[in-house]
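The exercises below are to be worked with the sequence and the structure in view. Each task is followed by a solution in steps.

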Amino acid sequence: MTQAEKNAKNDPSEYTSWKDLPIGAVIPTAGNSVKTLTGKWTPKKIVHIQDKCVKCNKCVPVCPEACILKDKEGKMCGVDVEHCKKCGICVSECPFDALKLEDME
Ligand code: SF4
Ligand code: SF4
């Protein structure tokens with residue numbers, strides 16, 4: 001299947017990398033992030049420093065992608081790195097420097 005044909009289908013499962021997307025591409029299918037690992041679409045990575053984290057949960061409501069993970073007690077326990085878009089909002093909001101963005105190696 002050509003890329004043009006994939007685009008015509010608007011099927012996000014066809015996109016395995018941002019490199020598959022044409023410039024200005026739009027994926028209008030609702031809920032597409034389940035199938036599309038958008039966390040790999042940026043050259044950054046989010047790091048959760050567990051030793052610094054006091055589980056205050058201030059990072060949870062600010063994430064626009066709902067990527068902050070919670071444990072059974074409802075406390076922050078990590079980040080869904082496969083879907084985090086590396087916007088850095090949680091990094092700015094964490095009062096304990098327990099989140100940071102790093103360049104991919
Ligand atoms: S805001 Fe920082 S300290 Fe609080 S739960 Fe999130 S990562 Fe942990
Ligand atoms: S960097 Fe942005 S998308 Fe990623 S976990 Fe933090 S707030 Fe969410």
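**Exercise 1: the ligand shells**

Task: determine how the shell around ligand 1 divides by class, and which residues form it.

Solution. Step 1: the shell around ligand 1 contains nine nonpolar, one polar and two charged residues. Here Ala, Val, Leu, Ile, Met, Phe, Trp, Tyr, Cys and Pro count as nonpolar, Asp, Glu, Lys and Arg as charged, and the others, Gly among them, as polar. Step 2: the members are C53, V54, K55, C56, N57, K58, C59, M76, C94, F96, A98 and L99; a residue is counted when its C-beta atom, placed from the backbone, lies within 6 Å of the molecule. Step 3: turn to ligand 2, which has 14 residues around it, with C63, C67, C84, C87 and C90 coming nearest. Its shell comprises ten nonpolar, one polar and three charged residues.

The model is predicted: local features need pLDDT of at least 70 and side-chain atom pairs count only at pLDDT 80 or more, whereas totals for chains, interfaces and linings use all residues. Residues are numbered from 1 along each chain as its sequence is written, while chains are lettered from A and ligands numbered from 1 in the order in which they are written.

**Exercise 2: the fold and its confidence**

Task: establish the order of helices and strands along the protein chain, and where confidence is lowest and highest.

Solution. Step 1: count two helices and four strands; these are DSSP runs numbered from the N terminus, helices being H or I of at least four residues and strands E of at least two. Step 2: along the sequence the pattern reads α-β-β-β-α-β. Step 3: consult pLDDT, the predictor's confidence in each residue from 0 to 100. The mean for the protein chain is 85, and 85% of its residues reach 70 or more. Helix α1 (residues 3-9) has the lowest confidence, at a mean of 59, and α2 the highest, at 98.

**Exercise 3: the β2-β3 hairpin**

Task: describe how strands β2 and β3 are paired, and place C77 and D80 relative to the strands.

Solution. Step 1: β2 (residues 68-70) and β3 (residues 76-79) run antiparallel and are joined by three bridges; pairing requires that DSSP find at least two bridges. Step 2: G78 in β3 is the residue opposite L69. Step 3: five residues separate the two strands of this hairpin, and G74 in the turn has a positive phi of about 85°.

Step 4: C77 lies in β3 and is in contact with L69, K70 and D71, neighbours within four places in sequence being left aside; contact means C-beta atoms, placed from the backbone, within 7 Å. C77 counts as partly exposed because it has 15 C-beta neighbours inside 10 Å. The cut-offs are 20 or more other C-beta atoms within 10 Å for buried, 12 or fewer for exposed, and partly exposed in between, with C-beta atoms placed from the backbone.

Step 5: D80 belongs to the loop between β3 and α2 (89-93). With neighbours within four places set aside, D80 is in contact with C67 and L69. D80 and C67 are 13 residues apart in sequence, yet 4.9 Å apart from C-alpha to C-alpha.

**Exercise 4: the nonpolar core**

Task: list the residues of the largest nonpolar core, then the contacts of I68.

Solution. Step 1: a nonpolar core is a set of buried Ala, Val, Leu, Ile, Met, Phe, Trp, Tyr and Cys residues joined through C-beta atoms within 7 Å. Step 2: the largest has eleven residues, namely I46, C59, C67, I68, M76, V79, C84, C90, C94, A98 and L99. Step 3: beyond its neighbours within four places in sequence, I68 is in contact with C59, V60, C63, M76, V79 and C90.

**Exercise 5: two positive phi values**

Task: are N57 and A66 buried or exposed?

Solution. Step 1: N57 lies in the loop between β1 (44-48) and β2, and A66 is also placed in the loop between β1 and β2. Step 2: N57 counts as exposed because it has 12 C-beta neighbours inside 10 Å; A66 is exposed, with 11 other C-beta atoms within 10 Å. Step 3: most residues other than glycine have a negative phi. N57, not a glycine, has a positive phi of about 70°, and phi of A66 is near 55°.

How values were computed:
Contact = placed C-beta atoms within 7 Å.
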